[in-house]
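Trainee: I've got a model open and I'd like to learn how to read it. Could you walk me through it?

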Amino acid sequence: MKVTLIAHTPEPERTVAAAAKLCYSPADLDTVMDHLTPEKTRSFLTMLGELGHESPMEHASFTFGIEGVSRSLLAQITRHRIASYSVQSQRYVRENHFDYVLPPQIEAEPEARAEFIAAMEAAQASYERIAAILTEKRRAEYLASGMEEKAAARAAEKTAIEDARFVLPGACDTKMMVTMNARALHNFFRHRCCARAQWEIRECARQMLALVLPVAPTLFAHCGPPCVTGACPEGKMSCGRAAEVRAEYRAMKEEYCHG
């Protein structure tokens with residue numbers, strides 16, 4: 001897995017502070033950014049946190065590149081609907097010798113690993129056979145209808161891989177660009193940094209948090225699973241490691257904000 005921060009709102013903390021200032025003072029739009037020193041910016045952000053006033057955070061957005069993750073992760077991350085996603089399409093991009101994500105638990109067991117790799121190889125072989133069969137059939141039909149050779153070949157392959165992709169596994173890797181505003185990221189980190197989140201999206205969330213912390217340390221100072229700032233809400237399903245998790249995220253913030 002590789003996560004990169006591609007772009008973000010310039011001066012995200014100052015932008016959020018300006019929005020908060022507009023809400024709570026008689027500032028004009030022409031001057032709302034004036035006198036927002038780093039100290040005053042931190043003060044406004046702290047106030048927002050204390051008041052639970054989250055809407056100004058929506059004015060700062062962050063765009064990530066995510067690659068080397070599975071289609072299973074894609075199904076999970078897109079459940080976070082206040083976001084924008086651009087994903088490499090299996091409909092338009094042929095999966096020749098596709099890469100895949102090997103879960104650590106499977107990798108640790110030789111017998112399971114061998115079975116998993118065999119399944120990936122079988123899926124690749126089936127994908128290629130199905131694509132070849134469909135391509136040839138569609139190509140013949142297009143040629144018979146009077147389509148030129150190159151155009152027929154292109155159109156045939158497109159329609160073939162469109163359906164051949166159905167045989168590909170959830171482990172098949174993908175890449176995407178994801179844009180979320182800071183408020184949506186707070187929610188994302190709350191749910192996906194938790195020890196009960198699935199391991200792959202939990203690692204993705206941790207990498208995303210590590211990338212935004214140096215850019216906006218006050219804005220994301222209290223991010224992480226719910227137990228970082230309060231009691232664990234998982235009840236009987238709690239991992240029982242709240243103190244350890246708090247220490248882990250405290251160390252993480254010290255590393256990425258000051259290290």
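Mentor: We'll go through the sheet, the helix packing and a few single residues. Keep in mind that this is a predicted model.

Trainee: Let's start with the sheet. In what order do its four strands lie?

Mentor: The general idea is that strands of a sheet pair through backbone hydrogen bonds, either parallel or antiparallel. Here you have an open sheet with strand order 1-2-4-3 and antiparallel pairing. Strand 1 (2-8) and strand 3 (84-87) sit at the edges, each pairing on one side only. On average, neighbouring strands are turned by 20 degrees against each other, direction ignored.

Trainee: Over how many bridges do strand 2 and strand 4 pair?

Mentor: Strand 2 and strand 4 pair over nine bridges, in the antiparallel sense. One residue pair to look up is Glu67, whose bridge partner in strand 4 is Lys175.

Trainee: And how many bridges join strand 3 to strand 4?

Mentor: Four bridges, again antiparallel, with strand 4 covering residues 173-181. To follow the register, put Tyr85 against its bridge partner Val178 in strand 4, then find Ser86 opposite Met177 in strand 4.

Trainee: Which strands does helix 7 touch?

Mentor: Helix 7 packs on the sheet and touches strand 2 (61-70) and strand 4, its direction making about 125 degrees with that of strand 4. Helix 8 lies across strand 1 and strand 2, and runs at about 145 degrees to strand 2.

Trainee: How do I read the packing of helix 7 with helix 8? At what angle do their axes cross?

Mentor: Take the distance and angle, then the handedness, then the residues. The axes of helix 7 (residues 182-192) and helix 8 (residues 199-212) come within 9 Å and cross at roughly 140 degrees. That makes helix 7 oblique to helix 8, because the roughly antiparallel class takes angles over 145. The crossing is left-handed. On the helix 7 side, the contact uses Leu185, Phe188, Phe189 and Arg192, while helix 8 brings Ile201, Arg202, Ala205, Met208, Leu209 and Val212. By class, that contact has eight nonpolar, no polar and two charged residues.

Trainee: Now helix 5 and helix 6. Is their crossing left-handed or right-handed?

Mentor: Helix 5 passes helix 6 in a right-handed crossing. Helix 5 and helix 6 (residues 149-164) pack at about 140 degrees, with their axes 7 Å apart, and they are therefore oblique to each other. Among the residues making the contact are Tyr127, Ile130, Leu134 and Thr135 of helix 5, and Ala152, Ala156, Glu157 and Ala160 of helix 6. The contact of helix 5 with helix 6 divides into 12 nonpolar, two polar and five charged residues.

Trainee: Thr135 caught my eye. Is Thr135 buried or exposed?

Mentor: For this you check relative accessible area, where buried means under 20%. Thr135 has 17%, so it is buried. This residue belongs to helix 5 (residues 110-144). Setting aside neighbours within four places in sequence, Thr135 is in contact with Ala156, Glu157 and Ala160.

Trainee: What about helix 1 and helix 2? At what angle do they cross?

Mentor: Roughly 65 degrees, with the axes of helix 1 (residues 12-24) and helix 2 (residues 38-51) coming within 9 Å. That makes helix 1 roughly perpendicular to helix 2, because that class covers 65 to 115 degrees. The crossing of helix 1 and helix 2 is left-handed. Their contact includes Val16, Ala17, Ala20 and Tyr24 of helix 1, plus Phe44, Leu45, Leu48 and Leu51 of helix 2. Count by class and you get nine nonpolar, one polar and three charged residues in the contact of helix 1 with helix 2.

Trainee: Last one: backbone torsions. Where does His35 lie?

Mentor: His35 is in the loop between helix 1 and helix 2. What you look for is a positive phi in a residue other than glycine, and His35 has one near 65 degrees. With a relative accessible area of 63%, His35 is exposed.

Trainee: What is the phi of His97?

Mentor: About 55 degrees, so to speak another entry for your list: positive, although His97 is not a glycine. His97 is placed in the loop between strand 3 and helix 4 (104-107). At 64% relative accessibility, His97 counts as exposed.

Notes
Residues numbered from 1 in each chain as written. Predicted model: local features only at pLDDT ≥ 70, side-chain atom pairs only at ≥ 80, totals over all residues. Heavy atoms only, no water. Axes fitted to C-alpha atoms, helices over the stretch in contact; angles between N-to-C directions. Helix = DSSP H or I, 4+ residues; strand = E, 2+ residues; numbered from the N terminus. Parallel < 35°, antiparallel > 145°, perpendicular 65-115°, else oblique. Left-handed = near helix turned anticlockwise from the far one by under 90°. Contact = heavy atoms within 4.5 Å. Nonpolar A, V, L, I, M, F, W, Y, C, P; charged D, E, K, R; others polar. Pairing = 2+ DSSP bridges. Buried < 20%, exposed > 50% of the residue type's maximum accessible area, 1.4 Å probe, protein only.
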